[in-house]
Amino acid sequence: MSEPNPRGTEPAAPAADSSAVGVLDVAATEESAKTPKAIIGRSPGQLAWSRLRRDRTARGSIWVLGFFILIAILAPLIEKIYGLGPTVNSPDLLDNNGLPLGYFGGIDFSTNNPSGHIHILGVMPQTGWDLFMQFVYGARTSLIVASLAAILSVAIGVVLGIVAGYLGGWVDQVLNWFFDYMLAFPFVLMAIAIIPIVNTHLADSSGYVSAPERMLTIIVVFSVFGWMSTARLVRGQVISLREREYVEAARAAGAGRGHIMFKQILPNLWAPILVTFSLALPATVTAEAALSFLGIGVEQPTPDWGRMINHSIGYMQSGDLAYLIIPGVSIWALVLAFNLFGDSMRDALDPKSNR
């Protein structure tokens with residue numbers, strides 16, 4: 001006989017069989033392992049974007065470019081918030097020699113001055129124009145000229161390169177000769193010679209040429225003399241693509257030349273075209289600033305970084321370094337960001353890249 005429970009309670013239930021639970025877990029694991037996982041395919045664009053997001057240099061350059069693009073787009077709104085335009089004269093902020101009063105070009109974060117406004121970057125000599133607003137609208141001038149000129153030059157180069165590479169034969173020979181002929185022209189010298197002539201024809205009876213007309217002249221000249229490298233690159237790519245299977249299939253299906261060139265081959269050229277465009281932008285920014293520095297670009301009162309650097313040279317000995325540093329650093333930062341982003345984009349679009 002078993003001894004009675006001294007406390008009068010029911011006997012404890014037997015513990016659950018742990019081995020059975022383990023068997024169930026193993027079975028569930030094997031079942032999940034047998035279930036095939038869904039394969040998510042990614043396009044070349046998604047792969048390139050993934051590489052680009054992992055690149056620290058690309059992320060940093062995007063932030064810098066975003067800053068300049070944002071202030072260029074929002075320039076009128078910034079002017080409204082800031083309360084001062086780029087060409088508002090403030091002669092009371094200058095001394096008898098036309099130099100800014102105060103420290104480092106007249107920087108003043110308070111309104112306790114004759115103009116009644118803050119000047120976070122100081123003012124320009126002789127005119128008293130606010131340097132911050134000159135910087136903001138100068139970014140707008142540089143980016144408008146550079147973007148439109150780069151778009152037009154790349155578009156011209158893409159069209160001519162596709163035609164030369166696909167048609168081949170005498171068409172390719174003639175266009176190649178034309179490419180070499182255009183490359184023989186020195187770009188800077190031709191711009192210096194052509195832009196004043198065009199502006200003379202555009203001037204009114206008093207000799208005045210409006211700012212949009214001057215900018216349009218620069219854009220057209222840059223577009224006419226800036227497409228050759230893109231055309232050569234695209235031509236080489238098209239020569240390697242025109243014998244691919246999808247081109248042969250389109251040709252066998254009766255597709256015309258225009259359809260094959262611009263519907264079949266062109267979508268496969270987006271990678272080199274994007275890289276070319278990203279590298280053409282900084283070159284155009286530098287060229288536009290150089291022309292304005294030489295006095296044949298946009299003129300006052302249109303804000304421009306290159307012209308600001310030209311005017312600042314005469315005030316370096318007087319100690320007004322802000323007038324030189326602000327536009328100089330702005331051009332350097334914008335061009336460097338474009339170049340770094342172009343290099344990162346080239347690495348991201350390269351499927352053999354290890355970055």
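A residue counts as buried when its relative accessible area is under 20%. Keep that cut-off in mind as you explore this predicted model.

**Stop one: Asp172.** Select Asp172 in helix α6, which spans residues 169-183. Its relative accessibility is 11%, so Asp172 is buried, since the limit is 20%. Now add Arg235 to your selection: the two form a salt bridge, with their closest N and O atoms 2.7 Å apart. Arg235 sits in helix α9, 63 residues away from Asp172 along the chain.

**Stop two: Asp180 and Arg232.** Which helices does this pair link? Asp180 belongs to helix α6 and Arg232 to helix α9, 52 residues apart. Their side chains meet in a salt bridge at 2.1 Å, N to O. Asp180 is partly exposed at 41%, and Arg232 is partly exposed at 36%.

**Stop three: Thr230.** Stay in helix α9, residues 228-241, and pick Thr230. Is Thr230 buried or exposed? Thr230 is buried, with a relative accessible area of just 3%. Leaving aside neighbours within four places in sequence, show its contacts: Val154, Gly157, Val158 and Thr276.

**Stop four: two backbone surprises.** Most peptide bonds are trans, and most residues other than glycine have a negative phi. Go to the loop between α12 and α13 to find Pro301. The peptide bond leading from Gln300 to Pro301 is cis, with omega near 5°. Then jump to Gln126, in the loop between α4 and α5. Gln126 is not a glycine, yet its phi is positive, about 70°. Gln126 is partly exposed, at 48% relative accessibility.

Methods:
Residues numbered from 1 in each chain as written. Predicted model: local features only at pLDDT ≥ 70, side-chain atom pairs only at ≥ 80, totals over all residues. Heavy atoms only, no water. Helix = DSSP H or I, 4+ residues; strand = E, 2+ residues; numbered from the N terminus. Buried < 20%, exposed > 50% of the residue type's maximum accessible area, 1.4 Å probe, protein only. Contact = heavy atoms within 4.5 Å. Salt bridge = Lys/Arg side-chain N within 4 Å of Asp/Glu carboxyl O.
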